[in-house]
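Student: I would like to take a close look at a single part of this protein and then see how that part fits into the rest. Please guide me through it step by step.

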Amino acid sequence: MAKTLLSFVIPCYRSAKTIGAVVQELTETVATRADEYDHEIILVNDGSPDNVAQVIRDLCRQDPSIVFVDLSRNFGQHSALMAGFAQVRGDIVICLDDDGQTPANECFKLIDKVAEGYDLVFAQYPTRKQSWFRNLGSRFNTFCNHFFYNQPRELTANSYYACQRFVVDSALKYPNPFPYVTGLLFQSVSRYCNVPIHHRSRMEGESGYNLKKLISLWVNGVTAFSIKPLRLASYVGWLIAAAGFLFALVTILRKIFNPAMQAGWASTISLMLVLGGIIITLMGIIGEYIGRIYLSINRYPQYVVRSVTRSEAGKEGEALENDARRLGA
């Protein structure tokens, strides 16, 4: 019986001390079901400032199942995932983190669900081993996912998931910069679920996501797959206009019934500042969309690959296949 090929995609950033342990655990886990599955592990160096590139090269020499994608600079986790997707050959694609928080030894909980017929299966963590700030950010991101591009409310999305190959192929048709992979995955699936997975503490170091990067990720997701912010801006404009009309009406009536009343310079300036701030904010939302249209027209790259390293076996013909898939063939 032919084996099913699994493709594991792992973006790597500041993980020189952890990626080796993640790969080892992953290899040992897949080996327990070697009669059913073959595998490849695609490691994407997302312009990491440490020596993770050399660590991955050493892993490639030891394990022919490893594919090393070296990006020219840091493009962000989601762009790194897209670069990894362009190299997958497997029937089932599994994405996980490079810091050990997503337990590789539980990957078959996700894979078995996909094998049952689900298109997309996300890990769900009963307890998260991360800071309160990251937990708050995750909840806010989940709320935005539900509101802006209709992620099912019964589903929790995380960075640890497995999906059918066609889901990845569909995501690769997205040509624009600043991809938001979660949104791309949901565009082509109808069967999805969560599977409880134990969430670990990081093996070493701290998260690569600071406040600036989290905000950038949120903006990417919102502006790439939803026009609701523009509609929200319109609603806010009408609401403020109505409030201004009522305020003016109340002021006129008060002046009629109390001619001695002073309208007040401070209240006028405060109102002007509030309205000015809201107008500038709404213009900023529109400007964000226009800026992304401009970058898309100018073909700003999702990522730039410096090199791809894989074992000699199976190399022939893959370059053409991957090029065709990038172009949406």
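Tutor: Let us begin with one pair of residues: Phe122 has Tyr161, in strand β6, as its bridge partner. Please keep in mind that the model is predicted. The strand to examine is β5, which covers residues 120-124 and is joined to β6 by three bridges, the two strands running antiparallel. Another partnership with β6 is that of Leu120, whose bridge partner there is Cys163.

β5 also pairs with β7, this time in the parallel sense and over five bridges. Within that pairing, Ala123 has Val195 of β7 as its bridge partner. As for its surroundings, four of the five residues of β5 are buried, so the strand is largely enclosed by the rest of the structure. A residue counts as buried when its relative accessible area is under 20%.

We can now place the strand in its sheet. The sheet is open and has eight strands, in the order β7-β5-β6-β4-β1-β2-β3-β8, and its pairing is mixed. Its edges are formed by β7 (192-196) and β8, each of which pairs on one side only. Averaged over the sheet, and with direction ignored, neighbouring strands are turned by 20° against each other.

Moving along the sheet from β6, we reach β4. Strand β4 (residues 92-95) and strand β6 (residues 161-164) run antiparallel and are joined by four bridges. In this pairing, Ile94 has Ala162 of β6 as its bridge partner.

Ile94 also leads us into the interior. The largest nonpolar core contains 38 residues, and Ile94 is among those with the most contacts inside it, together with Phe8, Ile10, Ile19, Leu43, Ile111 and Tyr160. The element that gives the most to this core is α2, with six residues. There is also a second, separate core, of 33 residues, which includes Phe75, Leu81, Met82 and Val88.

Ile10 shows how one residue of the largest core meets other parts of the chain. Leaving aside residues up to four places away in sequence, Ile10 touches, among others, Ile19, Val22, Leu26, Ile41, Leu43 and Leu96, as well as Asp97 and Asp98.

Helix α2 deserves a similar look. The helix spans residues 52-62, and its buried residues are Val52, Ala53, Val55, Ile56, Leu59 and Cys60. Viewed down the axis of α2, these residues fall within an arc of 160°, so they line one face of the helix. On the face turned away from the buried side are the exposed residues Arg61 and Gln62. The cover over the buried residues of α2 includes the strands β1 (4-12), β2 (37-45), β3 (66-71) and β8 (305-309), along with helix α1 (19-31). Helix α1 itself lies across β1, β2 and β3, and runs at about 165° to β2.

Two loop residues call for a comment on backbone geometry. Most residues other than glycine have a negative phi. Arg14, however, has a positive phi, near 55°. This residue is found in the loop between β1 and α1, and Arg14 counts as exposed because its relative accessibility is 54%. Phe178 is not a glycine either, and its phi is positive too, at about 55°. Its place is the loop between α6 (165-171) and α7 (181-186), and at 27% relative accessibility Phe178 counts as partly exposed.

A helix outside the sheet provides one further example. Arg292 lies in α10, which spans residues 265-297. With a relative accessible area of 16%, Arg292 is buried. From C-alpha to C-alpha, Arg292 and Asn176 are 8.9 Å apart in space, although 116 residues separate them in sequence.

Finally, we may set these details against the whole chain. Its secondary structure comprises eleven helices and eight strands. Of its 329 residues, 43% count as buried. Among contacts between residues at least 6 apart in sequence, 86% join residues at least 24 apart. The accessible surface is about 17,600 Å², and 61% of this surface belongs to carbon and sulfur atoms. To return to the starting point, β5 has its place in the strand order between β7 and β6.

Conventions:
Residues numbered from 1 in each chain as written. Predicted model: local features only at pLDDT ≥ 70, side-chain atom pairs only at ≥ 80, totals over all residues. Heavy atoms only, no water. Buried < 20%, exposed > 50% of the residue type's maximum accessible area, 1.4 Å probe, protein only. Contact = heavy atoms within 4.5 Å. Areas by Shrake-Rupley, 256 points an atom, 1.4 Å probe, with all protein chains shown as cover. Arc of directions from axis to C-beta. Pairing = 2+ DSSP bridges. Axes fitted to C-alpha atoms, helices over the stretch in contact; angles between N-to-C directions. Core = buried A, V, L, I, M, F, W, Y, C linked by side-chain atoms within 4.5 Å.
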